[in-house]
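Thanks for asking me to look this over with you. Keep the picture open while you read, and find each part as we come to it.

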Amino acid sequence: MSAIKKNVLEVENLVAGYGRIEALHGVSLTLAQGELVALVGANGAGKTTLLRTISGLLPCKSGQVKLLDGDITNSSPDYRVQQGLAQVLEGRQVFGPLSIQDNLRLGAYANREGTDERLQQMYELFPVLHEKKHLAAGTLSGGQQQMLAIARALMSKPRVLLLDEPSMGLAPLLVREVFRVIQRLKDQGIPILLVEQNARAALAIADRGYVLETGKITLSGKAADLTNDERVRSAYLGL
Ligand code: ATP
C-alpha cells in the first residue's frame, strides 16, 4: 500500500489580476511531496499570473496559498523564499554583467548556510556552469542561461520549486536538455510545479497535470490520463 503523500503547496480559490482586470477566477491546485505537476494552457490563460501570485510578486484578491502547512497568502516574496519557495521566472532573468558564480551566490541570499557546498552541487549538476564560472552570465547561450536560472533558484535549497516556461525560445536539443534536468530534480525529490506551453514534454515527465483556460482550471488528473484526453490532445498536443 502506498503512503499518502503530504501536500507541500495548496492553492485554494485564488482570485488575482492586474488592477481591475481579473486574470484568475478562483484557481485551486495542490502539489504533494516529491511530485512533479504540470500546468498547461494557451497564451494568456493565466499561468504566469498564477505562479507570480503563489510566489507573492502579485497580490491576490481572495483565496488562500499554503506552503508546508503555513498560510503565506499575504506574506512578502522574501518570506516565502525563506520558507522554502523558489521560482524561476519566465525569460531566464540572470544578471548579465555578473559572473556565473556571483549569480549563483546571489541565489543563496535567503539561506546562506552551506553556500559553498551548494555551489559544488550545482557545478556537478551543471558542468558547463563550472567551466565558465568566472565569465559574465550574459556571455552564456540561451540554454545555458536557463540552466543558470534554475541553478540559482536551487541555491536557496527550495522545498518547492516553481518553473515558468523553462523551455521557451530554446532550440529542440536544448529543450530536451532542460527537460532532462527537470527530471533529475524530480528524481532528487524536489516538488515542482512546472508551467509549460510544451504540453507534450511537460506531461511526459509529470505525475499529474492541470489545464488552465482563461483563468480557470478546466481539467486535472494523472498526466497519462490527460495525455489521452481528447480535449487535451486536440487543444494542446496538436493531435
Ligand atoms: P503566456 O504563456 O503568454 O505567458 P500566461 O498563461 O502565462 O500566458 P498570463 O501572462 O498570466 O498568461 O496572462 C493572463 C492574463 O492577464 C492575460 O489576459 C494577460 O493579457 C493579462 N496580463 C498579464 N500581465 C498583465 C499586466 N502586467 N497588466 C495587465 N494585464 C496583464
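The points below go through the ligand site and then the two sheets.

1. Before anything else, please remember that this is a predicted model. Every value below was computed from its atoms, so to speak of them as computed values is the right habit.

2. Let us begin at the ligand. How many residues surround the ligand? There are 13, and G44, G46, K47, T48 and T49 are the closest. Sorted by kind, this shell has six polar residues, four nonpolar ones and three charged ones.

3. Which helix gives the most to the shell around the ligand? That is helix α1, covering residues 47-54, and its share is three residues. Keep α1 in mind, as this helix returns in the last point.

4. Some individual contacts are worth finding on your screen. T49 has a polar side-chain atom 2.4 Å from an oxygen atom of the ligand. For T48 the backbone takes part: one of its N or O atoms lies 2.8 Å from a ligand oxygen atom. In E90, a side-chain N or O atom is 3.5 Å from an oxygen atom of the ligand. On its own, the ligand has 630 Å² of accessible area, and the protein covers 60% of this.

5. Now turn to the open sheet of six strands. Its order is β6-β7-β8-β3-β9-β10, and the pairing is mixed. Try tracing it from edge to edge: β6 (85-88) and β10 (216-222) are the edge strands, each pairing on one side only. On average, neighbouring strands here are turned by 15° against each other, ignoring direction.

6. One pair in this sheet makes a good exercise. Strand β9 (residues 208-213) and β10 run antiparallel and are joined by six bridges. Which residue of β10 is the bridge partner of Y210? It is S220.

7. Two helices to look for pack on this sheet. Helix α6 (residues 142-154) touches β6 and β7 (160-164), and its direction makes about 170° with that of β6. Helix α7 (residues 172-187) touches β3 (36-40), β7 and β8 (192-196), with an angle of about 160° between its direction and that of β8.

8. There is also an open sheet of four strands, ordered β2-β1-β4-β5 with antiparallel pairing. Its edge strands are β2 (21-32) and β5 (70-71), each paired on one side only. Two bridges join β4 (residues 60-67) to β5, and L67 has G70 as its bridge partner in β5.

9. Finally, back to α1. This helix packs on the four-stranded sheet, where it touches β1 (7-18), β2 and β4. Its direction makes about 115° with that of β1. So α1 is worth a second look: the helix also gives three residues to the shell around the ligand.

Notes. Residues numbered from 1 in each chain as written. Predicted model: local features only at pLDDT ≥ 70, side-chain atom pairs only at ≥ 80, totals over all residues. Heavy atoms only, no water. Near = heavy atom within 4 Å. Polar contact = N/O pair within 3.5 Å; in protein donor to acceptor, adjacent residues only side chain to side chain. Areas by Shrake-Rupley, 256 points an atom, 1.4 Å probe, with all protein chains shown as cover. Nonpolar A, V, L, I, M, F, W, Y, C, P; charged D, E, K, R; others polar. Pairing = 2+ DSSP bridges. Axes fitted to C-alpha atoms, helices over the stretch in contact; angles between N-to-C directions. Contact = heavy atoms within 4.5 Å.
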